[in-house]
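Work through the exercises below with the sequence and the structure in view. Try each task before reading its solution.

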Amino acid sequence: MDRFAGKTALVTGSSRGIGRAIAVRLAGEGALVAVHSSGGGQAADDVVAAIEKDGGRAFAVQAELGVPGDVHELFLGLEQGLKERTGSVELDILVNNAGIMGGGVPVEETTPEQFDRLFAVNAKAPFFTIQRALRNLTDGGRVVNISSGLTHFANPEEIAYAMTKGAVEQLALHFAKYLAPRGITINSVAPGITRNGSPVFGVPEAVEQMARLSAFGRVGEPHDVADVVAFLASDDARWVTGAFLDATGGTLLG
Ligand code: NDP
């Protein structure tokens, strides 16, 4: 199935974890994918190589988000990569996935600097990425923002992080109305605990404990979330906008 044949996509933070799975999934269904990372490493190139090995099309874009000039840098690389491959800078699918966790810091120890950094990467960067993408997004385009189940599940050690994701969810609500006249949808996907490269997933007791939070008794896999994003990015989801999609494996059922 080539649902995304002829489409272009940017997936921020797709050098690993959930973003990588989203990039691979979209490319696997025919999209030309810009694989974004903060830069400096080989990881994004490895994702591009994996996609190409499977017959897909992708290119790497590096830009650190959450610093001055971040979005400008991101779009320099994006537009250059798109232009070289398609002759235009049109973007059909934008996935704001890049994000940082709070690191489980007790309320008393959260500093203003940590708070500002979380907001800069997780909330400010997606807003200005969407703002900048307005001129690239095609009519009928798709925006998907990765939130977190923590907007609906209390965790006192991640208050600042959860606040950033609350802000991300506001993007979908208000931009949905703004973008609808162009047939562009924008939605939030909220993963629960999802296996990424973090060392904690190598500790069986910790994984067992985390798995108990899901109604299905296991931790999420990156492709569990990527499949939901692919649905929202597809034509099948044309009637869904401004929505919050719970992709926590039933964690929010209580
Ligand atoms: P990972 O930590 O595995 O990967 C993060 C990705 O984002 C990497 O590609 C990284 O690139 C990029 N990134 C991080 N910070 C920056 C930055 N400042 N500038 C540019 N790129 C950056 O993340 P996950 O896959 O775990 O999470 C993906 C999204 O899902 C995040 O928004 C997260 O908040 C959310 N989420 C994750 C959950 C989980 O359990 N994994 C649960 C709920 C939500 P690089 O390595 O180059 O820095």
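The exercises go from the whole chain to its strands, one helix, one residue and the ligand.

The model is a predicted one, in which local features need pLDDT of at least 70 and side-chain atom pairs count only at pLDDT 80 or more, while totals for chains, interfaces and linings use all residues. Residues are numbered from 1 along each chain as its sequence is written.

**Exercise 1. Describe the chain as a whole.**

Step 1. List the elements. Helices (H or I, at least four residues) and strands (E, at least two) are DSSP runs, numbered from the N terminus. The chain has seven helices and seven strands. Their order from the N terminus is β-α-β-α-β-α-β-α-β-α-β-α-α-β.

Step 2. Judge the compactness. The radius of gyration is 17 Å, close to the 18 Å from the globule rule for 254 residues, so the chain is as compact as a globular protein of that length. Here the radius is taken over C-alpha atoms, and the rule is 2.2 Å times the number of residues to the power 0.38.

Step 3. Find the share of buried residues. A residue is buried if 20 or more other C-beta atoms, placed from the backbone, lie within 10 Å of its own, exposed if 12 or fewer, and partly exposed in between. Of the 254 residues in the chain, 46% are buried.

**Exercise 2. Trace the pairing of strands β2, β1, β4 and β5.**

Step 1. Start with β1 (residues 8-11) and β2. Two strands pair if DSSP finds at least two bridges between them. Strands β1 and β2 run parallel and are joined by four bridges. Thr8 is opposite Leu32 in β2, and Leu10 is opposite Ala34 in β2.

Step 2. Go from β1 to β4. These strands also run parallel, with three bridges, and Ala9 is opposite Ile93 in β4.

Step 3. Go from β4 to β5 (residues 137-146). Five bridges join this parallel pair, and Leu94 is opposite Val143 in β5.

Step 4. Check burial. In β1, Thr8 and Leu10 on one side and Ala9 and Val11 on the other are all buried. In β2, Leu32, Ala34 and His36 point one way and Val33, Val35 and Ser37 the other way, all of them buried. Six of the six residues of β4 (residues 91-96) are buried, so β4 is largely enclosed by the rest of the structure.

**Exercise 3. Find the buried face of helix α2.**

Step 1. List the residues. In α2 (residues 43-53), Ala44, Val47, Val48 and Ile51 are buried.

Step 2. Look down the axis. The buried residues of α2 fall within an arc of 100 degrees, so they line one face of the helix. The arc is that of the directions from the helix axis to the C-beta atoms.

Step 3. Name the partners. These buried residues of α2 pack against α1, β2 (32-37) and β3 (57-62), where a contact means C-beta atoms, placed from the backbone, within 7 Å.

Step 4. See what comes next. Gly55 follows α2 and has a positive phi, near 90 degrees.

**Exercise 4. Classify Phe127.**

Step 1. Locate Phe127: this residue lies in helix α4 (residues 112-133).

Step 2. Count neighbours. Phe127 has 17 C-beta neighbours inside 10 Å, so Phe127 counts as partly exposed.

**Exercise 5. Describe the shell around the ligand.**

Step 1. Count residues. The ligand is surrounded by 26 residues, the closest being Gly13, Gly17, Ser37, Ser38 and Gly99; a residue is near if its C-beta atom, placed from the backbone, lies within 6 Å.

Step 2. Find the main contributor. Helix α1 (residues 17-28) gives the most to this shell, with three residues.

Terms used: Contact = placed C-beta atoms within 7 Å.
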